[in-house]
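Open your viewer, pick a cartoon view, and keep the selection box handy. We will go from stop to stop, choosing something to select each time and saying what is there.

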Amino acid sequence: MIKDNQKYFNRLHVVLDALIVAVSYVLAWYIQFHIIVKGTAGALPVQTYMSALIFLVPGFLVLYYGFNLYTPKRVQGRRLEASNIFCANAVGLLLFMFVLYLINEQDFSRNMIFMFIGINFALTVIERNVIRMMLRDIRRRGMNLKHIILVGYSKAAEEYIDRIVQNPQWGYQVNGILDDTVQPGILYHNVPVIGPTGSLEPLLERNNLDEIAITLGLSEFYKLKKIVATCEKSGVHTKFIPDYYDIIPTRPYTEDLQGLPVINIRHVPLTNTFNMMIKRAMDIVGALVCIVLFSPIMLVTAILVKATSRGPLIFKQERVGLHNRPFQMYKFRSMEVQKPSEEQKGWTTRNDPRVTKVGRLIRKTSIDELPQLFNVLKGDMSLVGPRPERPQYVEKFREEIPRYMIKHQVRPGMTGWAQINGYRGNTSIKKRIEYDIYYIENWTMGLDVKILCLTVFKGFINKNAY
């Protein structure tokens, strides 16, 4: 049995990534000054261009690390990895251009920079997928597998096996389950119960296992200490998959209370003052830049709305925001003017007669939401966060959907993790909350940048907007 060579592949990735950054840059320089510009070296000497590699190579490696490109490939999907590569390159491009602006370097070829980013993105995606295919081929041959034994037959054990069966490319193989309450021989997805938990120690002595996953049910927690001691004595890596996984966060926040570990049920990074300040600064700068960039679109939209239907230009609607406080959210008016009692009736439906012709277009393309940039400047909203709901729906969902109110621990956003994953408009509220909670618990600046980048491709056009 071949052990997991994650450290080896991480080093390989770093070396190949550094090589690809350098090759992409030199190739972009050659295309720009030997093919496009035909022989001229441009206003700057080649030494000046090549000296930038001293900063580019380590800079891009740091960005790749920040965008989780050196995490284990067993559980990271291709599309997620490609989007992380795209976001890292987008941030690299912005930083490159910003540095050139700071040093007032106007002769450095901007065409070459864009070409470099494009080539680097393409080559990095190809490199990662080639390595991924090599690993999958190796695992199909029964090599580079992680052999696992589960201790405890529970809902957590079934969920764990479900995910492994659905993702054979992860290279996990569950050899069996140990449990005191289920008869040996019973199968779950062809994984057998092979004996009681008491047989763990002799099993560890006979087998060359890679991992032990403790999946005890809540009623069997009294066995946990003994099982952990047995696993640690064997030297086999042990992990714990709690049967109450639907209660604790995916990234539990643990405090050390003089040697006593305290697991917080909910960890919200944005309750940290520094994180709040950084995100707020990003919101203000981002909102100002977007207002300038989208001002022509907003001007044309304003003219069309006023010219095609009677009523106010801006539609204001009460929504619930940070700490359950209500605020007035701004949108371009996309419907005919209604009485307040009619407006409260419900969501817009397909072919809703209240929506104007211009309104249908701006709702489909999310242009109607651009005035929310001013909500961001006011502090009612953020560029990225859970979408805010109207008060009557908040009251309804707080009773029907567990953990719904957690979303109000952060500022609501113009776009969010749920939105770029397709949960907008007439979609599952429960799934939307799952994605919102994931965002709240796993917030980083990198995740915000990633969501903003993906919004360009996934977030503007909304098939569920009527």
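Start by selecting L102: this residue is exposed, with a relative accessible area of 56%. A word before you move on: what you have on screen is a predicted model.

**Stop 1: the patch around L102**

L102 belongs to helix α4. Add F98, V99, Y101 and I103 to your selection and show the surface; together with L102 they make a nonpolar patch of about 580 Å².

**Stop 2: along helix α4**

Now select residues 78-102, the whole of α4. How far does this helix reach from its first C-alpha to its last? The span is 36 Å over 25 residues, close to the 36 Å expected at 1.5 Å a residue. Colour the buried residues next: among them are E81, N84, A88, L93, F96 and L100. Step just past the end of the helix to find N104, which takes a positive phi of about 55°.

**Stop 3: a buried salt bridge**

Go back to E81 and show its side chain together with that of R132. The two form a salt bridge, and their closest N and O atoms are 2.7 Å apart. This pair links distant parts of the chain, since E81 sits in α4 and R132 in helix α5 (residues 110-140), 51 residues apart. Are these partners buried or exposed? R132 is buried at 6% relative accessible area, and E81 is buried too, at 2%; the cut-off for buried is under 20%.

**Stop 4: two further salt bridges**

The model has 18 salt bridges in the count. For one within a helix, select K155 and E159, whose side chains meet at 3.8 Å, N to O. Both lie in helix α6 (residues 155-166), four residues apart, about one turn of the helix. An α-helix has 3.6 residues a turn, so residues three or four places apart point the same way. K155 is partly exposed, with a relative accessible area of 46%.

For another, select R432 and E389, which meet in a salt bridge of 3.3 Å, N to O. Because R432 lies in helix α15 (residues 429-441) and E389 in the loop between β11 (382-384) and α13 (391-400), the pair ties together parts that are 43 residues apart in sequence. R432 counts as buried at 9% relative accessibility, and E389 counts as buried at 7%. To see salt bridges that share partners, select D17, E81, E127, R128 and R132, which are joined into one network.

**Stop 5: the six-stranded sheet**

Turn to the strands. In what order do the six strands of the open sheet come? The order is β3-β4-β2-β1-β5-β6, and the pairing is mixed. β3 and β6 (237-240) stand at the edges with a single partner strand each, so one side of each is left without a neighbour in the sheet.

Select β1 (residues 146-151) and β2: six bridges join these parallel strands. Within this pair, I149 stands opposite G176 of β2. Next, add β4 (residues 191-195), which pairs with β2 (residues 172-178) in the parallel sense over two bridges. Here I177 faces V193 in β4 as its opposite number.

Then move out to β3 (residues 187-188), which pairs with β4 in the antiparallel sense, again over two bridges. Label Y188 and V191 to see bridge partners across these strands. β3 and β4 form a hairpin with two residues between them, and H189 in the turn has a positive phi of about 50°.

For β5 (residues 211-214), select E211, which is in this strand. E211 is buried, with a relative accessible area of 4%. Use the distance tool between the C-alpha atoms of E211 and Y172: they are separated by 9.8 Å, although these positions lie 39 residues apart along the chain as a sequence offset.

**Stop 6: the two sides of helix α11**

Finish with helix α11 (residues 357-364), where the buried residues are V358, G359, I362 and R363. Look down the axis: these buried residues fall within an arc of 125°, so they line one face of the helix. Which residues are exposed on the other side of α11? Select K357 and L361 to see them.

Key: Residues are numbered from 1 along each chain as its sequence is written. This is a predicted model: local features need pLDDT of at least 70, side-chain atom pairs count only at pLDDT 80 or more; totals for chains, interfaces and linings use all residues. Side-chain values use heavy atoms; hydrogens and water are left out. Two strands pair if DSSP finds at least two bridges between them. The expected span of a helix is 1.5 Å times one less than its number of residues. Buried means under 20% relative accessible area, exposed over 50%, partly exposed in between (1.4 Å probe, protein chains only). A salt bridge is a side-chain nitrogen of Lys or Arg within 4 Å of a carboxyl oxygen of Asp or Glu. Patches are made of residues with over 30% relative accessible area and no salt bridge: like charges are joined within 9 Å, nonpolar side chains (Val, Leu, Ile, Met, Phe, Trp, Tyr) within 5 Å. Accessible areas come from the Shrake-Rupley method with a 1.4 Å probe; for residues, only the protein chains shown count as cover. The arc is that of the directions from the helix axis to the C-beta atoms.
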